[in-house]
Amino acid sequence: MAGRNKHVVSKTSSSLAIVEANPPANKIVPIEAPIVSSYNDRIRPLLDTVDRLRNLNVMREGIQLPTIVVVGDQSSGKSSVLESLAGISLPRGQGICTRVPLVMRLQRSYSTEPEIWLEYGDTVVHTDEEHIAKAICAATDVIAGSGKGVSDAPLTLHVKKAGVPDLTMVDLPGITRVPVNGQPENIYEQISAMIMKYIKPQESIILNVLSATVDFTTCESIRMSRQVDKTGERTLAVVTKADMAPEGLLQKVTADDVSIGLGYVCVRNRIGEETYQEARMQEELLFRTHPKLSLIDDDIVGIPVLAQKLMLIQATMIARCLPEIVRKINEKMEISVLELNKLPMVMASAGEALMTLMDIIGSAKESLLRILIQGDFSEYPGDHKMHCTARLAEMLSQFSDNLQAHSNDVTIDFLMDEIKILDECKCVGLPNFIPRSAFLAILSQYVDGIHSKPVEFIKKIWDYIEAVLIPVISKYAENFPQIQSSVKRAGRNLITKMKEQSVNRVAEIVEMEKLTDYTCNPDYMTSWTEKTASQQSFVHAVLYDEAKPESFSLAGFGQVKISHLRKYHAHLLQQAFDMKMRIASYWNIVLRRIVDNLALFLQFSVKNLVNAQFQKEIVAEMVDPRGGGGVERMMEESPSVASKREKLKKSVKLLKESKDVVAAIVDQNSGYGGR
C-alpha cells in the first residue's frame, strides 16, 4: 500500500496542498494550513448568507440556522480538532477544558493581519493569536466562575484571518460522569442538557469526536446524538488519536456499528509544541506510511479532508434549510407586525388622546348596541352570557312566572281578610254597597305583598348588564392599560346611576297600583261575571246546607274551607264573596300590567343607556380631573407597553433585514440542496 498513489484530498480542485505521488521517504510536501477556501461560486454565497443572518442574530427570534456542533466524551480531543481546523490555540489541560459553549465564527479575510475578539453578554474583548487561550480562560471564568463548574451561556470567538473559510462551529464541554473537585454533583446532567439543547434542532450538524482508543459503542456522545438523530443523517464522526490506537481502526470505521450517516474522518491531532504545519505534515506521513493506517481510504483521513467535508455538508444543509428559514422569517414577521399594530399609538397631545378615547367609547357603544338591543352576538359566539337579548327575555319570563305564582293560601281562611276589611270600613248607608275604601285597602295589601319582587328583578337586570358592559369596554380599551381601571370605574358608576333611577321608577310603577282601581281591559268584567256566578250556591252551602260541608269547590280557587264562615250574616258573606271575586279578577290584570310596564321600561332603559347615556357619561367622567384624568393618563405609556413596543420594533427590523438577506439567494440555490 505504501507504493500506491495517495492524495490527501481527491476529486476536488481546491487549493488544499496535494501530496506528491510516491515521494521519497525523507521528503514531505508542505501542506497549506489549516483550512483554505475551496468554495465554488454556488457554495460561497450560501455560507455568506447564513453568516449575515448570524450577524443579525436572527436566532434570538427562534429561527435555527445550520450549525456545526462539536460533541464528545471528556478528553476525546474535541478542542484539538477545532484548533487544527482553525489554526488557533485553545485552552488545554487536565479535566474539562471547555466549560461553556464556545461558538467559533471563522471568517475569511484578505488582510494579512488577523482580527480576533471574544463576545459574551455585552462585553467585547479583543485579543491576538498568541493570547487567545488566556483570553478564553479569562472570559470563561467570568461566565462560569473560576472553579470547575459549567455554564450554558455562550462565549463567541470571532476569527478573521487569511486562509480561513466562513464556518461556524460550537465546541461544547466534554461529557463526564464523575464530578472532580470543585464541580457540582450534577455536572453530568448540566452538560447533557446543554448538549441536547444544541444538537436537537434539525438544522444542527453533529460533529461527534471519538477517540480511537475506545469502543465507539460505549461512548456517551454517540448515545446522545442517536437520541436526536437516529439515522445518523446529520452526524459526522471524527476519530482522533489514530496514532495511539491504529490496530483495528480500519474495521471500526468501515463496520459502522453506531450508524454514522455522514461517515468518518480519521485524524492525528497536534502533539506538544508542533506547529499546525508540522502537525499536518506528520499526519500525512502517518496515514501514508503506517502499516495499518495506510490501509484506510484517502477520502476519510486528514484534517484537510475533514475541512472539505464540513464545508460541503454545511453548504448542503444550508441550501436544504433556506426555504424553511424564509417561511419562518415571514411567519414571525407577520406575527410581530400584527402585535405591533395592536399596540396603542403614542399620544402626542391631549387632543389625540381625547379622539382615541372617543374611538374606544364609540366602538364599545357599537358592540353594546349589537348585543344588548339588536340581538347580534356574532362578536361572542361561544359566550352565552353575552347573548344579551335572549338572556334578558329569559329573566323577564322567569320574573313574570314567579310574580303570578305568588299568592297567599286562601283555601283555609277564605274570605277572612275581606270580612275584616269590610267590618273596618263600614259606614252608615245601604247594606248592599261595597265601600270603595274597602276594595282599595285589600288591593293595597296585595300590592304590599309583591312590592319587593319588581325591585329585586330590576336590580338583578342591572347587575347582569354591568357584567356585560365592563368586559366590553375593557376589551376595547385593552391596548391602554393605563386607563383600564378608570374606564371600568366609569362603567360601574354609570350602571350604579342607572340602577338607582330604575329602582325608583319601578317602585313608582308598583306604588301607582295602590292609588286607584282602574282598567279598561274587558277581561276584568268577563272574569268577575264568571266568578260571581257561584255566589248564591256558595252562600247556601255555608248557611243553609243541612249537611254542613267543611269545604266548597270554587272555580279558580279549588276546595276552600267554609265551616269558619257560618257565624256571619248572609249579606256580609255576599259582600265579602263579591269583593274577593272583584279583587281576584282585577289582581290578575294588575300583575300582567306590572310585567308589561317593566318590560317596556327595561327596553327603554337599555336603549337609553346605549344610545344616550353611555358615551356621554363615560367621556364626562374620563375627562374630569377629579376622576383620575383618564385622557391625560392615555398620554403616559406604561413601561411594559413601551418595552414591548421597542422589542417588537427591533424584531420587525431584524426580520426584514433577514428577509432581504435570504431573498436573493433562495431562487438561485433552490435546487442545490437536493443534488
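Leu415 lies in the loop between H10 and H11, where helices (H or I, at least four residues) and strands (E, at least two) are DSSP runs, numbered from the N terminus. Although Leu415 is not a glycine, its phi is positive, at about 75 degrees. Leu415 is buried, with a relative accessible area of 1%; buried means under 20% relative accessible area, exposed over 50%, and partly exposed in between (1.4 Å probe, protein chains only).

A word on the ground rules. This is a predicted model, in which local features need pLDDT of at least 70 and side-chain atom pairs count only at pLDDT 80 or more, while totals for chains, interfaces and linings use all residues. Residues are numbered from 1 along each chain as its sequence is written, and side-chain values use heavy atoms, with hydrogens and water left out.

Lys241 also carries a positive phi, near 55 degrees, and is a residue other than glycine. Its place is in the loop between strand S8 (235-240) and helix H6 (249-255). With 23% relative accessibility, Lys241 counts as partly exposed.

**The sheet**

Let's turn to the strands. An open sheet is formed by 9 strands in the order S4-S3-S5-S2-S6-S1-S7-S8-S9, with mixed pairing; two strands pair if DSSP finds at least two bridges between them. Strand S4 (123-127) and strand S9 (264-266) stand at the edges with a single partner strand each, so one side of each is left without a neighbour in the sheet. On average, neighbouring strands of this sheet are turned by 20 degrees against each other, direction ignored. The axes behind such angles are lines fitted to C-alpha atoms, for helices over the stretch in contact, and angles run from 0 to 180 degrees between N-to-C directions.

Strand S1 (residues 67-72) is mostly covered, with 6 of its 6 residues buried. In a regular strand the side chains alternate between the two faces of the sheet. In S1 both faces are covered: Thr67, Val69 and Val71 are buried on one side, and Ile68, Val70 and Gly72 are buried on the other.

S1 runs parallel to strand S7 (residues 204-211), and 6 bridges join the two. S1 also pairs with strand S6 (residues 167-171) in the parallel sense, over 3 bridges. Val69 has a partner in each of these strands: Ile206 stands opposite in S7, and Val170 is the bridge partner in S6. Further along the sheet, S7 and S8 pair in the parallel sense over 6 bridges. There, Leu210 stands opposite Val239 in S8.

**Aromatic contacts**

How many aromatic pairs does a search of the whole structure find? The search finds 9. Rings of Phe, Tyr and Trp (its six-membered ring) pair if their centres lie within 6.5 Å; planes under 30 degrees apart count as stacked, over 60 as edge-to-face and the rest as tilted. Two of the pairs are set out here.

| Pair | Ring centres | Planes | Class |
|---|---|---|---|
| Phe399 and Phe457 | 4.4 Å apart | 15 degrees | stacked |
| Phe439 and Tyr586 | 6.0 Å apart | 55 degrees | tilted |

The stacked pair links distant parts of the chain, 58 residues apart: Phe399 is in helix H10 (residues 388-405) and Phe457 in helix H13 (residues 452-476). Phe399 counts as buried at 6% relative accessibility, and Phe457 is buried with a relative accessible area of 6%. The tilted pair spans 147 residues, from Phe439 in helix H12 (residues 436-450) to Tyr586 in helix H17 (residues 570-623). Phe439 and Tyr586 are both buried.

Ring pairs also link Phe414, Phe538, Phe552, Phe557 and Phe577 into a cluster.

**Helix crossings**

Two packed helices are described by the angle between their axes and the distance between the axes. The axes of helix H11 (residues 416-424) and H17 come within 9 Å and cross at roughly 115 degrees. That makes H11 roughly perpendicular to H17; angles under 35 degrees count as roughly parallel, over 145 as roughly antiparallel, 65 to 115 as roughly perpendicular and the rest as oblique. For helix H9 (residues 350-374) and H17, the axes come within 10 Å and cross at roughly 160 degrees. H9 is therefore roughly antiparallel to H17.
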